[in-house]
Amino acid sequence: MSTADLLSIEPLELKFSFELRKQISCGLQLSNKTDNYVAFKVKTTNPKKYCVRPNTGVVLPRSTCDVIGLLLNELLVLILVTMQAQKEAPPDMQCRDKFLLQSVKVNEGASAKDITAEMFNKEAGHVVEECKLKVVYVSPPQPPSPVREGSEEGSPPRVSASDNGHANAAEFAAARALITKLTAEKNSAIQQNNKLRQELVRGINRDFTS
């Protein structure tokens, strides 16, 4: 966590569980422990690749109200960073992308709609804190290795259904066929039962009328 004068930032590395052709999100938390209203702005070296929501905002000063799941006297903003789906993995899963989070004091009562680009202009004399955030790609968790079931002596080991997608499909088709068969037998039994009931009723009526 960064312990800058204005905002505490967590984490300092944005870790994405990289998967091809899939959007991936990573959270970034900002907490304001000062008595000032603090505006922030998030930039990235690769804006076409990432979507940041919100990319600007105001973190309010210390608060005595509870914020969901957080400590008292600390107001926190959650930023969601989403990486667009990628068609190919970078070499060795190394990423050179970076984010820059800028923060600056603003007037009391300021809100996100009051933020302008000029606020973060150092050349205009504004005191702007900056924190660089690295992007790290991590491999997604791997599924457990398939376990081959034991077999009788002299026969080859049987392959579990998880070893072969066709086995899963075959089992599903067999189960579906069995359900269809049982349903048909049930319907046939119901029809026969209704037929017998009707014949029994007709026989009783004949007995009463004869």
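User: Leaving aside neighbours within four places in sequence, which residues is N36 in contact with?

Analyst: This is a predicted model, where local features need pLDDT of at least 70, side-chain atom pairs count only at pLDDT 80 or more, and totals for chains, interfaces and linings use all residues. Residues are numbered from 1 along each chain as its sequence is written, and side-chain values use heavy atoms, with hydrogens and water left out. Contact means heavy atoms within 4.5 Å. With neighbours up to four places away set aside, N36 is in contact with V59, L60, P61 and K105.

User: Is N36 buried, partly exposed or exposed?

Analyst: N36 is found in the loop between β4 and β5. Buried means under 20% relative accessible area, exposed over 50%, and partly exposed in between (1.4 Å probe, protein chains only). At 28% relative accessibility, N36 therefore counts as partly exposed.

User: How far apart in space are N36 and L6, C-alpha to C-alpha?

Analyst: In sequence, N36 and L6 are 30 residues apart. In space, their C-alpha to C-alpha distance is 8.2 Å.

User: In what order do the elements of the protein run from the N terminus on?

Analyst: Helices (H or I, at least four residues) and strands (E, at least two) are DSSP runs, numbered from the N terminus. The protein has 1 helix and 10 strands. From the N terminus on, the order of elements is β-β-β-β-β-β-β-β-β-β-α.

User: Which strands stand at the edges of the open sheet?

Analyst: Two strands pair if DSSP finds at least two bridges between them. An open sheet of 5 strands has the order β3-β10-β9-β5-β7, with mixed pairing. Two of its strands have a single partner strand each, so one side of each is left without a neighbour in the sheet: β3 (13-17) and β7 (56-59).

User: By how many degrees are neighbouring strands of this sheet turned against each other on average?

Analyst: Axes are lines fitted to C-alpha atoms, for helices over the stretch in contact, and angles run from 0 to 180 degrees between N-to-C directions. For this sheet the direction is ignored, and the average turn between neighbouring strands is 25 degrees.

User: How many bridges join β5 to β9?

Analyst: Strand β5 (residues 37-44) pairs with β7 in the antiparallel sense over 4 bridges, and there K41 stands opposite T56. β5 and β9 also run antiparallel, with A39 opposite V104 in β9. The number of bridges joining β5 to β9 is 8.

User: Which residues outside its sequence neighbourhood does S103 touch?

Analyst: S103 has its place in strand β9. At 3% relative accessibility, S103 counts as buried. Not counting residues up to four places away in sequence, S103 touches L6, L7, V38, A39, F40, F120, V127, V128 and E129.

User: How many residues apart in sequence are F16 and Y50?

Analyst: Rings of Phe, Tyr and Trp (its six-membered ring) pair if their centres lie within 6.5 Å; planes under 30 degrees apart count as stacked, over 60 as edge-to-face and the rest as tilted. By this rule there are 3 aromatic pairs, one of them the tilted pair of F16 and Y50, at 5.7 Å centre to centre and 45 degrees between the planes. F16 is in strand β3 and Y50 in strand β6 (residues 50-53), and the separation between them is 34 residues.

User: Are F18 and Y137 buried or exposed?

Analyst: F18 and Y137 form a tilted aromatic pair, 5.0 Å centre to centre with 40 degrees between the planes. F18 lies in the loop between β3 and β4 (24-32) and Y137 in strand β10 (residues 129-138), so the pair ties together parts 119 residues apart in sequence. Both F18 and Y137 are buried.

User: Which residues of the largest nonpolar core touch the most other members?

Analyst: A nonpolar core is a set of buried Ala, Val, Leu, Ile, Met, Phe, Trp, Tyr and Cys residues joined through side-chain atoms within 4.5 Å. The largest one has 27 residues, and β2 (7-10), β3, β4, β5, β6, β8 (75-83), β9 (98-106) and β10 each supply at least two of them. The residues touching the most other members are F16, L30, F40, Y50, I79, F99 and L101.

User: What percentage of the residues in the protein is buried?

Analyst: F16 counts as buried at 0% relative accessibility, and Y50 counts as buried at 5%. Over the 210 residues in the protein, the buried share is 29%.
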